Every structure is written in C-alpha cells, then in structure tokens.
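Let's take a walk through this structure, one piece at a time. Keep the picture open while you read.

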Amino acid sequence: QVQLVESGGGSVQAGGSLRLSCEASGYTYRGYCMGWFRQAPGKEREGVAVRYISSDVMGVIYYADSVKGRFTISQDNSKNTLHLQMNSLKLEDTAMYYCAAVRGNCYSGSLNPTAMAYWGKGTLVTISS
C-alpha cells in the first residue's frame with residue numbers, strides 16, 4: 001500500500017525559506033514520478049514541481065513557472081524521501097502542500113494533479129508579511 005507522508009510545513013515571513021519532506025513507503029519508490037502540489041483556499045490544486053525518481057540524481061524535473069528559481073525538488077534515495085526546498089517565499093505561496101506519485105516517468109503534463117495516482121494528506125505552509 002502506497003503511503004506518502006509530508007512534513008516540514010509551518011509559518012514563515014515573506015522572503016524566508018522552508019523545506020518540505022515526503023517520506024514514501026509501500027512501493028518501490030524508484031521508477032515513479034513524484035511531485036509536490038499545492039492548494040490555496042478557494043483555489044484549485046496546482047502542480048509545483050515533479051521529479052522522476054531513479055537510481056541516480058539526474059531524473060527529469062518540471063517546475064511550475066511561478067516557482068522557478070525559488071523552489072528546488074530533490075530526492076534522497078537512502079531514505080525514500082522527496083524534498084522541496086522553498087526559498088524567497090511569497091504571500092501567494094501560502095497553501096496546503098501535497099506530495100503525490102504515479103508509476104512511470106514524468107512529463108510536462110505531470111504537473112496536472114489528475115496525472116497523479118497517490119496522494120499524501122498534506123502539510124500547511126503559511127507565509128506572512
């Protein structure tokens with residue numbers, strides 16, 4: 001049974017940083033497209049970043065335009081964990097952040113939430129001025 005457990009959310013001021021983590025269990029971990037999605041109050045869920053999880057650290061990566069240059073998605077194969085380093089945070093980054101996964105490679109369409117098969121319960125990120 002696939003399980004994805006997020007952690008690392010919290011409240012920070014604009015301009016600050018946070019690092020989210022997603023611990024995966026119940027499946028092979030490698031060979032999956034994993035990513036981060038977010039949903040702000042009153043808005044639809046949107047893709048933030050996705051990464052193909054392989055045996056090396058050079059898996060294909062896609063970022064939403066709104067986070068390019070500020071967020072970095074990475075993998076820790078030794079711990080079956082996906083990270084999202086978020087820097088230069090803005091008020092509009094406030095949202096519930098979800099980890100998701102689907103078997104197979106990532107492509108640009110993987111940023112669409114409907115492309116994902118498995119979901120965590122989310123971790124809340126609140127940015128204040």
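Before we start, one term: a strand here is a DSSP run of E with at least two residues, and strands are numbered from the N terminus. With that in hand, we can place Glu 44, which sits in the loop between β4 and β5. Keep in mind that this is a predicted model.

Is Glu 44 buried or exposed? Residues count as exposed when their relative accessible area is over 50%. Glu 44 has 70%, so it is exposed. Setting aside its neighbours within four places in sequence, Glu 44 is in contact with Arg 38 and Gln 39. If you'd like a sense of distance, look across to Ala 101: the C-alpha atoms of Glu 44 and Ala 101 are 18 Å apart, and their positions lie 57 residues apart in sequence.

Now for the sheet. Four strands come together as an open sheet, in the order β1-β3-β8-β7, and the pairing is antiparallel. At the edges you'll find β1 (3-7) and β7, each of which pairs on one side only. Neighbouring strands in this sheet are turned against each other by 20° on average, ignoring direction. Zoom in on β1 and β3 and you can follow their antiparallel pairing over 5 bridges. Glu 6 is the residue that stands opposite Cys 22 in β3.

Cys 22 is a good lead into the next topic, the disulfides. How many does a search of the whole structure find? It turns up 2 disulfides. One joins Cys 22 to Cys 99, with an S to S distance of 2.1 Å. This pair links distant parts of the chain, since Cys 22 is in strand β3 and Cys 99 is in strand β9 (residues 95-103), 77 residues apart. The torsion about the S-S bond of Cys 22 and Cys 99 is about -75°, and that's why the disulfide is left-handed. Cys 22 has 0% relative accessibility, so it counts as buried. Cys 99 is buried too, because its relative accessible area is 0%.

The other disulfide is formed by Cys 33 and Cys 106, again with sulfur atoms 2.1 Å apart. Cys 33 lies in strand β4 and Cys 106 lies in the loop between β9 and β10 (118-119), so this bond ties together parts 73 residues apart in sequence. What about its handedness? With a torsion of about 105° about the S-S bond, the disulfide of Cys 33 and Cys 106 is right-handed. Both of these cysteines, Cys 33 and Cys 106, are buried. Counting bonded cysteines along the chain, the pattern of the disulfides is 1-3, 2-4.

Next, look inside. The largest nonpolar core has 30 residues, and those that touch the most other members are Leu 4, Tyr 27, Met 34, Trp 36, Leu 84, Met 86 and Tyr 97. At least two residues of this core come from each of β3, β4, β5 (46-53), β7, β8, β9 and β11 (123-128). Try following Leu 84: beyond its neighbours within four places in sequence, its contacts include Leu 18, Leu 20, Trp 36, Val 48, Phe 71, Ile 73 and Tyr 97. There is also a second, separate core of 8 residues, which includes Phe 37, Ala 100, Cys 106 and Leu 111.

Back at the edge of the sheet, strand β7 holds Gln 75. Its relative accessibility is 11%, so Gln 75 counts as buried. Who are its polar partners? The side chain of Gln 75 makes a polar contact of 2.8 Å with the side chain of Arg 51. The Gln 75 side chain also reaches the backbone oxygen of Ser 54, at 3.0 Å.

Finally, a look at the backbone. Most residues other than glycine have a negative phi. Tyr 29, though not a glycine, has a positive phi near 70°. You'll find Tyr 29 in the loop between β3 (18-25) and β4 (32-39), and it counts as buried because its relative accessibility is 0%. Asn 80 has a positive phi as well, about 50°. Asn 80 lies in the loop between β7 (71-76) and β8 (81-86). With a relative accessible area of 23%, Asn 80 is partly exposed.

Definitions and conventions
Residues are numbered from 1 along each chain as its sequence is written. This is a predicted model: local features need pLDDT of at least 70, side-chain atom pairs count only at pLDDT 80 or more; totals for chains, interfaces and linings use all residues. Side-chain values use heavy atoms; hydrogens and water are left out. Buried means under 20% relative accessible area, exposed over 50%, partly exposed in between (1.4 Å probe, protein chains only). A polar contact is a pair of N or O atoms within 3.5 Å; within protein, one must be able to donate a hydrogen and the other to accept it, and residues adjacent in sequence count only if both atoms are side-chain atoms. A disulfide is a pair of cysteine sulfur atoms within 2.5 Å. Two strands pair if DSSP finds at least two bridges between them. Axes are lines fitted to C-alpha atoms, for helices over the stretch in contact, and angles run from 0 to 180 degrees between N-to-C directions. A nonpolar core is a set of buried Ala, Val, Leu, Ile, Met, Phe, Trp, Tyr and Cys residues joined through side-chain atoms within 4.5 Å. Contact means heavy atoms within 4.5 Å.
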